[in-house]
Amino acid sequence: MKTITVDLDATPSERSYPIHIGSAILSQIELIMTHLPRKRVAIVTNTTVAPLYLERLRSALEKQDVASVPIILPDGEEYKNWQTLNLIFDALLTNRCERGTPVIALGGGVVGDLAGFAAATYLRGVPFIQYPTTLLAQVDSSVGGKTGINHPLGKNMIGAFYQPKVVVADSTILETLPERELRAGIAEVIKYGLIRDSAFLVWIEQNMTKLLARDPEVLIEAIYRSCRNKAEVVEADEHESGVRALLNLGHTFGHAIENALGYGTWLHGEAVAAGTVLAAELSRRMGMISQIDVERIRNIYVQAGLPVAAPNLGPEKYLHLMGLDKKVAGGKMRFILLQRIGEAMVHSDVPAGVLTETLLGCTA
Ligand code: NAD
Ligand code: MG
């Protein structure tokens, strides 16, 4: 097992927390035991994950005399809303969960975001513990404290920064993850290499086959190096006033793709892959990286079985979805671009013409 500590304040503080990464650690309750003084927890999960892993966690807790209240939500991004959040509050209240009763998230990013927001607000905040069960959740959403739900007018529009007490990422759990979800998670792994860790990117290129085959050691290493990168970024900029924005490489284009096709048509990671190819191409046209670099980036996604061509919506539609149609007129847009492979930056002076050319040249 490997452990990373996320240090949120200048000196190690009460808010610092560990991320434990290893195989078959779901049932190692000693990893979370210090947070269970009341010997009681609530476990938020969903109808897909519950039959696979809920009993394993509950019986391990029971062996330590810890009682658990299971809260099983419907599965899907469309349930990341007020109604589902209320189901969590209903269950917490009905079961008289107290301020010292931790909320555990056992699931992917949807469950983690919902459970985290519930933990942030129930009784003005109860301890929160993450057991991420998708690759995306293990390398990205479970770390960093962003929690929340969607609003009919926008994704992730309601939420709170609320850090977990501990994250337990069990790589064995990924054995049951659908292939497409695994690949989508790899898109975020690649992102860390591109924005700040070129050595990791080389490692990913060399280990992609094993990663796709879910080789346990390679998975653990990928999760570990991703979390280390995310932890460093979050430590430097918890509330996204600076470098944390770099984690959004490919996401501006990606969100436009997800939104245009209807959320769920392309998985987030798929949209980020095609979106990053657009960002790479834009970086090249801005004189920052070479054609060879762009090809290398494209190849990594191809290796991962991810899409590299964004849907051809026409530049106007992209600009509109990116909220840039008005800004183009006003002149200011902010993009995450690649200065070189392994180094990203925020650029706020992309000429509208270059952006339009990129969109015309790179969509299929
Ligand atoms: P998800 O939570 O919808 O999970 C994907 C699918 O896999 C679901 O059907 C789920 O039930 C299933 N599943 C989960 N674990 C499984 C397992 N071990 N075996 C079999 N099936 C399993 O999707 P996701 O990609 O994990 O998360 C996406 C969400 O995360 C989005 O809502 C996004 O906004 C959010 N997110 C949040 C942050 C953050 O910082 N908080 C960062 C990135 C993404
Ligand atoms: Mg993302």
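A residue is partly exposed here when the number of other C-beta atoms within 10 Å of its own falls between the buried level of 20 or more and the exposed level of 12 or fewer. Arg214, with 16 such atoms, is therefore partly exposed. That gives us a starting point for the views below, all drawn from a predicted model.

**View 1. Arg214 sits in the loop between α6 (198–212) and α7.** Have a look at the backbone here: phi of Arg214 is positive, near 60 degrees, in a residue other than glycine. With 16 other C-beta atoms within 10 Å, Arg214 is partly exposed.

**View 2. Helix α7 covers residues 216–236.** From its first C-alpha to its last, this helix of 21 residues reaches 30 Å, close to the 30 Å expected at 1.5 Å a residue. Because 15 of its 21 residues are buried, α7 is largely enclosed by the rest of the structure.

**View 3. Helix α5 (residues 179–196) packs against helix α9 (residues 268–285).** Their axes are 7 Å apart and make an angle of about 40 degrees. The two helices are therefore oblique to each other, and α5 passes α9 in a left-handed crossing. On the α5 side, the contact uses Arg183, Ala184, Gly185, Ala187, Glu188, Lys191 and Leu194. Facing them from α9 are His268, Gly269, Glu270, Val272, Ala273 and Thr276. Sorted by class, this contact of α5 with α9 has five nonpolar, four polar and four charged residues.

**View 4. Helix α9 also meets helix α10 (residues 291–303).** Here the axes come within 9 Å and cross at roughly 175 degrees, so α9 and α10 are roughly antiparallel to each other. From α9, the contact is made by Ala273, Thr276, Val277, Ala280, Glu281 and Arg284. Their partners in α10 are Gln291, Val294, Ile297, Arg298 and Tyr301. By class, the contact of α9 with α10 has six nonpolar, two polar and three charged residues. If you have just come from the previous view, you may recognise Ala273 and Thr276, which also take part in the contact of α9 with α5.

**View 5. Helix α3 spans residues 109–121.** Its 13 residues should span 18 Å at 1.5 Å a residue, and the end C-alpha atoms are indeed 18 Å apart, which agrees. Since 12 of the 13 residues are buried, α3 is largely enclosed by the rest of the structure. Among the buried residues you will find Val110, Val111, Asp113, Leu114 and Phe117, as well as Gly109, Gly112 and Gly116. After α3 comes Leu123, whose phi is positive, near 50 degrees.

**View 6. Arg96 lies in the loop between α2 (82–94) and β5 (103–107).** This is another spot worth a glance in a phi/psi plot: phi of Arg96 is near 50 degrees, a positive value in a residue other than glycine. Arg96 has 9 C-beta neighbours inside 10 Å, so it counts as exposed.

**View 7. Leu153 belongs to the loop between β7 (146–151) and β8 (154–161).** Is this leucine buried or exposed? Leu153 counts as exposed, because it has 6 C-beta neighbours inside 10 Å. For a sense of scale, take Leu93 as a reference point: Leu153 and Leu93 are 60 residues apart in sequence, and their C-alpha atoms are 29 Å apart in space.

Notes
Residues numbered from 1 in each chain as written. Chains lettered and ligands numbered in written order. Predicted model: local features only at pLDDT ≥ 70, side-chain atom pairs only at ≥ 80, totals over all residues. Axes fitted to C-alpha atoms, helices over the stretch in contact; angles between N-to-C directions. Helix = DSSP H or I, 4+ residues; strand = E, 2+ residues; numbered from the N terminus. Parallel < 35°, antiparallel > 145°, perpendicular 65-115°, else oblique. Left-handed = near helix turned anticlockwise from the far one by under 90°. Contact = placed C-beta atoms within 7 Å. Nonpolar A, V, L, I, M, F, W, Y, C, P; charged D, E, K, R; others polar. Expected span 1.5 Å × (residues − 1).
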